[in-house]
Amino acid sequence: LYEKKYADLIKESIKERYRILPYYYTAFEEHCKTAVPLLRPIWFDQANVQEGETMHQDKKFLIGDGLLVVPILDKDQLTVKGALDGLEGRWYDYYSKREMMGDEEIDTGLERIGCFVKGGHIVPTYDIKSYVKSSKDAKESNIQLYIGLDEEEKAKGKLYFDDGETFNYQKGTCSRKNIEFSGNTLSWSGDSSEYKVGNRVTKAVLMGHNNKYTTAYLEEEDKNKQKIQLIKGSGYT
């Protein structure tokens, strides 16, 4: 039905949805416990609203605690500008992993929309390989973490798993993990559930550190602290 270049864009958009499933699933579980909505106005968690028009903004929206979405709604629109105007804190481009300022313009083309990670939050994603053809395949993928540092160079996040098929989570057959980055250490803790999760965390992208860290460590409950490899990117590690 489509030319190859458009078909490829559609396929990549579907894969992007698969990538973000761990974040969505965790956010929905949090919603079920707290009744805080998954989709939120952009002023929802702002201590101070700096600009009056922010209160009336109805196009941009938050997904959970850590993601801001700026959709492309106009025909032939290929850029996003001023996406972070009036918002407090540090923000990072989800795609380039680069820290963004309020009035910056981003070239989106047809390949992407505006999407930003809020500083202080960790967004878990699936590492989607070429063989993944469905959401069922995606659930067996390894985990990658997007870590956006706040002004104190810290970040927190959560990761929730259950079998996705039954109501056994009501009997405690599930896994809840807390993730935190502080100093140069990524710590991993959680409940004592015996529910086994086969997904491994294979990569953590650290945004906003300004080349401060030369070494980093992973700290898990009941395990020795271990040094992890650092790979430098453009504005992130």
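The following exercises, each with a worked solution, concern the sheet, the empty spaces and two residues of a predicted model.

Residues are numbered from 1 along each chain as its sequence is written, and side-chain values use heavy atoms, with hydrogens and water left out. Because the model is predicted, local features need pLDDT of at least 70 and side-chain atom pairs count only at pLDDT 80 or more, whereas totals for chains, interfaces and linings use all residues.

**Exercise 1. The open sheet**

Determine the order of the strands in the open sheet of 6 strands, and state which are the edge strands.

Solution. Strands (E, at least two residues) and helices (H or I, at least four) are DSSP runs, numbered from the N terminus. Two strands pair if DSSP finds at least two bridges between them.

Step 1. The order is β1-β2-β3-β8-β5-β6, and the pairing is antiparallel.

Step 2. β1 and β6 (99–100) are the edge strands, each pairing on one side only.

Step 3. At the β6 end, strand β5 (residues 91–93) is joined to β6 by 2 bridges in the antiparallel sense. Within this pair, Y92 stands opposite E99 of β6.

**Exercise 2. Strand β3 and its partners**

Describe how β3 pairs with β2 and with β8, and where its side chains point.

Solution.

Step 1. Strand β2 (residues 61–63) pairs with β3 in the antiparallel sense over 3 bridges, and F61 stands opposite V69 in β3.

Step 2. The hairpin of β2 and β3 has 3 residues between the strands, and there G64 takes a positive phi near 65°.

Step 3. Strand β8 (residues 114–118) is joined to β3 by 4 bridges and runs antiparallel to β3. The bridge partner of L67 in β8 is V117.

Step 4. In a regular strand the side chains alternate between the two faces of the sheet. In β3 (residues 67–70), L67 and V69 point one way and L68 and V70 the other, and all are buried (buried is under 20% relative accessible area, exposed is over 50%, partly exposed is in between; 1.4 Å probe, protein chains only).

**Exercise 3. Cavity and pockets**

Give the volume and the lining of the largest cavity and of the two largest pockets.

Solution. On a 1 Å grid over the protein atoms alone, a cavity is a set of points where a 1.4 Å probe fits but cannot get out, and a pocket is an open set with protein on both sides within 12 Å along at least five of seven lines; lining residues have an atom within 4 Å of a point. Grid points are joined across faces, edges and corners, and a volume is the space filled by probe spheres set on the points. For the classes, Ala, Val, Leu, Ile, Met, Phe, Trp, Tyr, Cys and Pro count as nonpolar, Asp, Glu, Lys and Arg as charged, and the others, Gly among them, as polar.

Step 1. The structure has 1 cavity of 30 Å³ or more, and the largest cavity holds about 30 Å³ of space. Its lining includes V80, M100, E104 and F116, and by class comprises 7 nonpolar, 1 polar and 1 charged residues.

Step 2. The largest pocket has a volume of about 1200 Å³. Of its 44 lining residues, W188, R200, V201, L218 and E220 are the closest to its centre. The lining draws most on β14, which gives 6 residues. Its classes are 20 nonpolar, 13 polar and 11 charged residues.

Step 3. The second largest pocket has a volume of about 620 Å³. Of the 22 residues lining this pocket, S13, E16, Y95, R112 and I113 are the closest to its centre. The elements that give two or more residues are α1 (4–19), β2 and β3, and α1 has the largest share, with 6 residues. The lining has 14 nonpolar, 3 polar and 5 charged residues.

**Exercise 4. Two residues**

Classify K59 and Q144 as buried, partly exposed or exposed, and list their contacts.

Solution. Contact means heavy atoms within 4.5 Å.

Step 1. K59 lies in the loop between β1 (39–40) and β2. K59 is classed as partly exposed because its relative accessible area is 47%. Not counting residues up to four places away in sequence, K59 touches P71 and L73.

Step 2. Q144 is found in strand β10. Its relative accessibility is 14%, so Q144 counts as buried. Leaving aside neighbours within four places in sequence, Q144 is in contact with V123, P124, T125, D127, T202 and K203.

Step 3. The side chains of Q144 and D127 are joined by a polar contact of 3.5 Å (a pair of N or O atoms within 3.5 Å; within protein, one must be able to donate a hydrogen and the other to accept it, and residues adjacent in sequence count only if both atoms are side-chain atoms).
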